[in-house]
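Notebook open, model loaded. I want to look at a strand, a surface patch, a loop and a pocket, and jot down what I find.

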Amino acid sequence: MSPTSLPASAARVVEAAAGHGLTLAVAEFPDGTRTAEDAAAAVGCAVDQIVKSMIFAADDEIVLALTSGAHQVDPEALARLAGAGRCG
């Protein structure tokens, strides 16, 4: 899929990656991939091979947590790692 046929936000990610010498292949799935299980089924892999991305508020900062599709993020542990009082 070329950057011109992508939604604007996805095209910006592809262009930013290209600016750092990275080539991304973006795929869209008509049935969606709202869960790690959905994503694994769509690409034909195990759920633990999927990377989940989750956004948390850590005090006054935003934290992006990346984890295996088979795992959950512990907000208290994430808060400690982020040096925050709480994460949610």
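Started with Ile55, which I find in strand β1. A caveat for everything below: this is a predicted model.

Is Ile55 buried or exposed? I looked up its relative accessible area and got 58%. The cut-off for exposed is over 50%, so Ile55 counts as exposed.

Next, the surroundings of Ile55 on the surface. Ile55 belongs to a nonpolar patch together with Val51, Ile62, Leu64 and Leu66. I note about 560 Å² of accessible area for these residues together. Which elements give two or more residues to the patch? They are β1 (51-58) and β2 (61-68). The largest share, three residues, comes from β2.

Then I went to the loop between β1 and β2, where Asp59 sits. Its phi caught my eye: near 55 degrees, a positive value in a residue other than glycine. I flagged that because most residues other than glycine have a negative phi. For Asp59 I also checked accessibility, and 45% relative accessibility makes it partly exposed. That fits the cut-offs, since partly exposed runs between the 20% limit for buried and the 50% limit for exposed.

Last entry, the largest pocket. How much space lies in it? I have about 200 Å³ down for that. My list of lining residues reads Phe29, Thr33, Ala39, Ala42, Val43 and Ile50. Sorted by class, the lining has five nonpolar residues, one polar and no charged ones.

Key. Residues numbered from 1 in each chain as written. Predicted model: local features only at pLDDT ≥ 70, side-chain atom pairs only at ≥ 80, totals over all residues. Heavy atoms only, no water. 1 Å grid on protein atoms, 1.4 Å probe; cavity = no way out; pocket = protein on both sides within 12 Å on 5 of 7 lines; lining within 4 Å. Points joined across faces, edges and corners; volume = space filled by probe spheres on them. Nonpolar A, V, L, I, M, F, W, Y, C, P; charged D, E, K, R; others polar. Patch = residues over 30% accessible without salt bridge, like charges linked within 9 Å, V, L, I, M, F, W, Y side chains within 5 Å. Areas by Shrake-Rupley, 256 points an atom, 1.4 Å probe, with all protein chains shown as cover. Salt bridge = Lys/Arg side-chain N within 4 Å of Asp/Glu carboxyl O. Helix = DSSP H or I, 4+ residues; strand = E, 2+ residues; numbered from the N terminus. Buried < 20%, exposed > 50% of the residue type's maximum accessible area, 1.4 Å probe, protein only.
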